[in-house]
Amino acid sequence: EYEVQAEVEYTFRRRNADFWGYPSIVGCGPNATTLHYVESQGGIKKGDLLLMDVGAEYEHYTADVTRTFPVNGKFSPVQAAVYQIVYDAQEAVAKASKPGATLSDVGRAGTEVVKEGLLKLGLITDKNSNQYRIWFMHGTSHWLGMNVHDVGGGAKFEPGVVFTNEPGIYVRLDALDYLPFGWKQEDWEKFKTAIRPAFEKYKGIGVRIEDDMLITPDGAKLMSEALPRKMSDIEDFIAKARKQL
């Protein structure tokens, strides 16, 4: 992981960026399920997903982009099932992003897709509860500018503002070992029994997709759209890159 991080940060400097806008996150396999994993000490293993949350600071403005991709170049069916939910949630956020909307508005749009997806996977039993927070514990968006988490509060979108679009799902290996805050023990035990088969199937998978959104007069633009997001595009991108190397 530290070698991958070194290549990324070398490229930032080589392209005349000020440097990184925040400490890089490079996590492979179960390490990708830790939200702000910064050790970068694990191995890169075939069959695992590699999550990279990296962004350069250029002329005092920072990017904030995340991609999750298969080390061997192909998503497994289990990985693809989780990835597609996150991708669909990101699309829902993008669709809801327009002048007059707020971070809360777009957050709800993305969260509903995540809830539906987790229910289908069997990782939650009730989409109308906060069960989804076990697997998706952060917001879909934050303001972006001279700081990676920039100021703005609950202001409405207007043309020219920039924010992130970053849903995720993280099936941590120890997720069922600790009673969540606010849960009753008996409810927690019932929940664990109900979702255990799905947990065993998806455990160790962490997926986040993050792009930087610019509000335009009639909607929003992905500023980081040149970097593939669709699974088929990612697989093609890796295959072509390997041929070039």
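**Asking why: helices, salt bridges and strands**

Q: What follows α4, and what is its phi like?
A: In this predicted model, α4 is followed by G204, whose phi is positive, near 90°.

Q: What would you set the span of helix α4 against?
A: Against the length expected for its residue count. Helix α4 covers residues 185–202, which is 18 residues, and reaches 24 Å from its first C-alpha to its last. The expected figure, at 1.5 Å a residue, is 26 Å, and the actual span is close to that.

Q: Where in α4 is there a kink?
A: At I195, shortly before the proline P197, with an angle of about 55°. That angle is taken between axes fitted to the seven residues ending at the position and the seven starting there.

Q: Which residues of α4 are called buried, and what do they pack against?
A: W188, F191, K192, I195, A198, F199 and Y202. Each earns the word because its relative accessible area is under 20%. This buried set packs against α2 (77–96) and α3. Note that I195, where the kink lies, is on the buried list too.

Q: What makes R208 and D53 a salt bridge?
A: The cut-off is 4 Å between a Lys or Arg side-chain nitrogen and an Asp or Glu carboxyl oxygen. R208 and D53 come in at 3.0 Å, N to O, so the pair counts as a salt bridge. A search of the whole structure finds 12 salt bridges.

Q: Why say that the R208–D53 pair ties together separate parts?
A: R208 lies in strand β9 (residues 206–208) and D53 in strand β3 (residues 49–54), so the bridge links parts that are 155 residues apart in sequence. Both R208 and D53 are buried, too.

Q: Why does the K115 and E112 pair count as a salt bridge?
A: Their closest N and O atoms are 3.6 Å apart, and the limit is 4 Å, so the pair qualifies. Both K115 and E112 sit in helix α3 (residues 103–121), 3 residues apart, about one turn of the helix. Helix geometry fits with that: at 3.6 residues a turn, residues three or four places apart point the same way.

Q: Buried or exposed: what do you call K115, and what do you call E112?
A: K115 has a relative accessible area of 13%, which is under 20%, so it is called buried. E112 is at 40%, between the 20% and 50% cut-offs, so it counts as partly exposed.

Q: What joins E200 and K203, and what larger network do they belong to?
A: Their side chains meet in a salt bridge of 2.8 Å, N to O. Salt bridges that share partners join R196, E200 and K203 into one network. As for exposure, E200 is at 38% and K203 is at 38%; both are partly exposed, because that label covers values between 20% and 50%.

Q: What makes β10 and β11 a pair of strands?
A: Pairing needs at least two bridges. Strand β10 (residues 211–216) and strand β11 (residues 219–222) have 4 bridges, in the antiparallel sense, so they pass. T216 stands opposite G219 in β11, and the two strands form a hairpin with 2 residues between them.

Q: Which residues does M223 touch, and where does M223 sit?
A: M223 is in the loop between β11 and α5 (231–244). Leaving aside neighbours within four places in sequence, M223 is in contact with V162, D212 and L214.

Q: Why are β1 and β5 called edge strands?
A: The open sheet has 3 strands in the order β1-β4-β5, with antiparallel pairing. β1 (19–20) and β5 each have a single partner strand, so one side of each is left without a neighbour in the sheet. As for β4 and β5, 2 bridges join them, and the bridge partner of E57 is T62 in β5.

Q: What is the phi of S40, and what is the phi of H60?
A: S40 has a positive phi of about 50° and H60 one of about 80°, although neither is a glycine. Most residues other than glycine have a negative phi. S40 lies in the loop between β2 (25–28) and β3, while H60 is in the loop between β4 (56–58) and β5 (61–62). S40 is at 2% relative accessible area, so under the 20% cut-off it is called buried.

Definitions and conventions: Residues are numbered from 1 along each chain as its sequence is written. This is a predicted model: local features need pLDDT of at least 70, side-chain atom pairs count only at pLDDT 80 or more; totals for chains, interfaces and linings use all residues. Side-chain values use heavy atoms; hydrogens and water are left out. Buried means under 20% relative accessible area, exposed over 50%, partly exposed in between (1.4 Å probe, protein chains only). The expected span of a helix is 1.5 Å times one less than its number of residues. Contact means heavy atoms within 4.5 Å.
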